Structures are given as structure tokens and as C-alpha cells.
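User: Please take a close look at the aromatic rings for me: how they pair, and what surrounds them. After that, carry on to the ligand and to any backbone details that deserve a second glance.

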Amino acid sequence: MSGPDLLAPEALERARDEALAAFTAAPTLESLAAARTAHIGDRSAVARARKAIGSLPGTEKADAGKRVNVAASAVQEAFEQRKRALEQERDQRVLLEEAVDVTVLPPRRRGARHPLTTLSERVADVFVAMGWEVAEGPEVEHEWFNFDALNFGGDHPAREMQDTLFVEPAGSGLVLRTHTSPVQVRSMLDRELPIYVICPGRVYRADALDATHSPVFAQVEGLVVDEGITMAHLRGTLDHLAVALFGSVGDGKGIRTRIRPNYFPFTEPSAEMDLQCFACRGASAQPGGEPCRVCSSEGWIEWGGCGMVNPTVLVACGIDPERYSGFAFGMGLDRTLMFRHDLHDIRDIYEGDLRFTSALGSEV
Ligand code: DAH
């Protein structure tokens with residue numbers, strides 16, 4: 001269409017009607033924008049008509065200009081109207097789609113107890129079920145309970161061996177307990193005989209924190225003092241705990257323990273206690289056995305110390321060693337947790353990372 005033709009009243013009306021129809025038909029703001037370019041943009045019929053005015057004879061310019069203006073403002077008006085309508089529609093939709101239900105409760109993490117707590121309670125439960133009592137003692141302990149009454153001599157190297165953390169001021173006589181064994185002494189002093197106690201608790205040593213050492217860790221101590229107690233009772237008790245914690249694997253036979261001679265000042269005789277590897281049951285240590293990660297193919301896992309309560313300790317606690325005898329044992333709870341769950345870094349137990357607690361501590 002040439003310039004003057006574009007300015008014909010019918011042409012302008014058609015351009016206007018087409019624009020109006022296109023705007024009405026645009027279903028979205030994006031398609032409306034495209035329709036705007038086509039019907040209002042520089043290359044639209046109306047824009048081209050406006051340009052064509054210049055080439056008209058002077059007398060016709062005013063009329064043609066009016067016609068273009070009328071058409072252009074009708075088109076512009078229709079565009080604005082449609083735009084407002086589509087914007088309103090969009091706002092309504094967004095309000096619905098992005099509505100926030102303020103009555104919905106925030107997702108709540110379920111609390112879980114620390115795996116060490118769970119294990120400690122499980123061990124205690126095994127003994128409580130046999131009629132034992134749970135005994136506790138202070139973590140800031142007097143040296144007399146932590147060492148002297150347990151038959152550690154005044155300058156016994158074991159005091160240093162245990163990397164003791166002494167409580168200031170120097171000479172206060174107080175230490176952070178280096179083991180749970182002082183609870184044995186407290187139990188013997190406080191309780192009526194016979195004594196059957198299990199004592200889980202936190203202990204402290206001046207060790208630098210690394211994958212296998214922590215300055216704070218957990219132990220569990222067991223103590224029995226009664227008439228006629230022998231090492232056989234100790235063995236039976238340890239085997240019972242082993243089976244309760246590690247079960248019997250496959251063949252129905254329980255996991256066993258073994259004891260090897262050792263020295264502790266507060267027990268005589270004293271022994272080191274090993275747990276039969278609950279993963280390979282000792283098979284890895286046999287010729288041709290598959291290697292075992294849990295026990296490093298030793299067949300046994302070092303578990304703790306034990307022995308018959310030294311008569312010197314009984315005497316220090318006012319118990320007649322002629323009439324009574326007893327056994328005691330103590331083991332690391334962190335170590336137990338670590339080999340039981342194949343953990344390789346003790347720091348995971350103490351860093352308080354929720355991922356650790358929720359992976360292992362799901363028992364509430
Ligand atoms: N208290 C010892 C330690 O921390 C462990 C221990 C050994 C406890 C022998 C006992 C025992 O009750 O009889 O190294």
C-alpha cells in the first residue's frame with residue numbers, strides 16, 4: 001500500500017480494527033507486547049500512515065493528520081486497556097500461586113539423643129536387668145578417690161601415666177577424674193554390702209585432640225563386692241555384656257571375651273579384657289582367613305581392664321577382705337561406640353554435628 005492509500009479513512013479504520021482484534025486476542029502480556037510492536041511500532045500501518053502525511057499536498061495534511069491521530073489514540077487506548085486487564089489477571093494468579101499458608105507449622109527436627117548417651121544407657125540397662133544399681137560420682141574428684149584409695153602410691157608413675165589434669169590452685173588436692181574407678185571407692189564407702197554397681201561417666205586426660213584421643217571421653221565401670229566372688233563371676237559377667245551388646249552372630253553362639261594378664265594397682269590379679277571380633281568372629285586371624293577391618297585381622301578387639309578388687313582397696317574402704325571379695329572392670333564407651341559403628345574419628349562424637357547425631361542417634 002502506498003503512502004496516500006494508507007491514509008484513506010477505510011485503511012486507517014481497518015488498521016485500527018486489526019490492532020484492536022490483535023490486542024483482544026493476546027492471551028498473555030508477552031503476546032500483547034508482540035502485538036504492540038506489530039500495531040503501534042515504527043513499522044505498523046498507523047506509524048507508516050503518519051509518516052506518509054508529509055508527502056500530501058498542504059491542504060490535505062490537517063485532515064489526514066486528524067484521522068491518523070484518532071486511529072492512533074484508539075489503538076493506544078485499546079492497548080493500555082488490554083495491558084491493564086492482563087496485568088490484573090497476572091497479579092491475581094501470582095497471589096494464588098505464591099500464597100503463603102501462615103497456619104502451616106515450620107518443619108520441626110525431631111530431637112535425638114546422643115549416640116554415646118544411648119550406648120551408655122544400654123550398657124547400664126544390661127546390668128540393671130540383673131539387679132545392679134547405677135552409681136555416679138563427681139567429675140571434679142579428690143586425688144584420694146582418684147588415686148590413693150585405689151592403691152596408686154604417692155609418687156606412683158601411674159599418676160603421671162594417666163596424664164592427669166590437676167585443678168588449680170596447686171595443692172588443691174582436686175583433679176578432673178582420669179577414670180571412673182573412683183566411683184568404686186565412693187560406692188564401697190557409701191553403700192551397704194553386697195555391692196553390685198555399674199558406673200558410666202565422663203573422664204578427662206591431658207591428651208591432645210586427634211582421631212583417636214580426646215581430652216574428655218567416656219568410660220563405664222563395674223564393681224561387685226560380695227561373699228565368695230571369684231574370677232569366674234567376672235568372666236561370666238563380661239561374656240554376658242558382650243552378648244547383650246554384640247549378640248551372637250549366625251551360629252547362635254554368643255560373642256566371647258578373653259582376659260590376658262596385666263597390671264592395675266587397684267586389682268589383683270589384673271587383666272586386660274578383649275572382645276572376640278563381632279564382625280569376623282576371629283576368622284580373619286586364622287590361616288587363609290579373609291582380612292577384617294573391624295579387628296585389623298587380630299580376631300580380638302581390646303576392650304578394657306578388669307580384675308579382682310585388690311584387698312588393699314577393700315581395706316581402704318573399710319571392708320573386711322577375709323570375708324568379702326570383689327571384681328571390677330572398666331572400659332571406654334567411645335571406643336565401644338567407635339568399633340560398634342565402624343567410626344574412625346573420636347572427634348565426631350564430641351563435635352556436636354547434628355548430621356552425626358541424627359545418623360546414629362535416632363533412638364529418642
Ligand atoms: N581405670 C582403668 C583405666 O582407666 C580401667 C580399669 C582397669 C578399670 C581395671 C577397672 C579395672 O575397674 O578393674 O585405665
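Analyst: Happy to. A good place to start is with two residues that are both buried, Trp-132 and Phe-329. Please keep in mind throughout that this is a predicted model.

The structure contains 14 aromatic pairs. One of them is formed by Trp-132 and Phe-329, with 6.5 Å from centre to centre and 50 degrees between the planes, a tilted arrangement. This pair links distant parts of the chain, as its two members are 197 residues apart. Trp-132 sits in the loop between helix H6 (115-128) and strand E1 (133-134), while Phe-329 belongs to strand E10 (residues 325-332).

A second pair is worth setting beside it. The ring centres of Phe-278 and Phe-339 are 6.1 Å apart and their planes meet at 35 degrees, so this pair is tilted. Phe-278 is in the loop between strand E8 (267-276) and strand E9 (300-309), and Phe-339 is in helix H12 (residues 333-340), so the contact ties together parts that are 61 residues apart in sequence. Why do Phe-278 and Phe-339 count as buried? Phe-278 does so because its relative accessibility is 16%, under the cut-off of 20%. For Phe-339 the value is 11%, so that residue counts as buried by the same cut-off.

Back at Trp-132 and Phe-329, the picture widens: together with Phe-127, Tyr-196 and Phe-327 they form one aromatic cluster. Elsewhere, charged side chains meet aromatic faces. Arg-186 lies over the face of Phe-145, 3.9 Å from the ring centre. The ring of Phe-246 has the charged end of Arg-340 over it, at 5.9 Å from the centre.

Strand E10, the home of Phe-329, also leads us to the ligand. Which residues come closest to the ligand? Of the 15 residues that surround it, the closest are His-179, Ser-181, Arg-205, Gln-219 and Glu-221. By type, the shell divides into five nonpolar, eight polar and two charged residues. Several polar atoms can be followed one by one. Ser-181 places a polar side-chain atom 3.0 Å from a nitrogen atom of the ligand. An N or O atom in the side chain of Gln-184 is 3.0 Å from an oxygen atom of the ligand. The backbone takes part as well, with a polar backbone atom of Ala-328 lying 3.2 Å from a ligand oxygen. On its own the ligand has 360 Å² of accessible area, and the protein covers 91% of that. The elements that contribute two or more residues to this shell are strand E6 (216-226), E9 and E10.

Strand E8, which precedes the loop of Phe-278, has details of its own. Pro-269 is in this strand, and the peptide bond leading to it from Glu-268 is cis, with omega near -5 degrees. Ser-270 lies in E8 too, and counts as buried because its relative accessibility is 7%. The side chain of Ser-270 makes a polar contact of 2.6 Å with the side chain of Thr-267. Further on, Arg-281 is in the loop between E8 and E9. Arg-281 is not a glycine, yet has a positive phi of about 55 degrees.

Two more backbone spots round off the tour. The peptide bond from Glu-168 to Pro-169 is cis, with omega near -5 degrees, and Pro-169 is placed in the loop between strand E3 (165-166) and strand E4 (174-176). Asn-151, another residue that is not a glycine, has a positive phi of about 75 degrees. Asn-151 is in the loop between helix H7 (143-146) and helix H8 (157-161), where its relative accessible area of 28% makes it partly exposed.

Key:
Residues are numbered from 1 along each chain as its sequence is written. This is a predicted model: local features need pLDDT of at least 70, side-chain atom pairs count only at pLDDT 80 or more; totals for chains, interfaces and linings use all residues. Side-chain values use heavy atoms; hydrogens and water are left out. Rings of Phe, Tyr and Trp (its six-membered ring) pair if their centres lie within 6.5 Å; planes under 30 degrees apart count as stacked, over 60 as edge-to-face and the rest as tilted. Helices (H or I, at least four residues) and strands (E, at least two) are DSSP runs, numbered from the N terminus. Buried means under 20% relative accessible area, exposed over 50%, partly exposed in between (1.4 Å probe, protein chains only). A charge sits over a ring if NZ of Lys or CZ of Arg is within 6 Å of the ring centre and within 35 degrees of the ring normal. A residue is near a molecule or strand if one of its heavy atoms lies within 4 Å of it. A polar contact is a pair of N or O atoms within 3.5 Å; within protein, one must be able to donate a hydrogen and the other to accept it, and residues adjacent in sequence count only if both atoms are side-chain atoms. Accessible areas come from the Shrake-Rupley method with a 1.4 Å probe; for residues, only the protein chains shown count as cover. Ala, Val, Leu, Ile, Met, Phe, Trp, Tyr, Cys and Pro count as nonpolar, Asp, Glu, Lys and Arg as charged, and the others, Gly among them, as polar.
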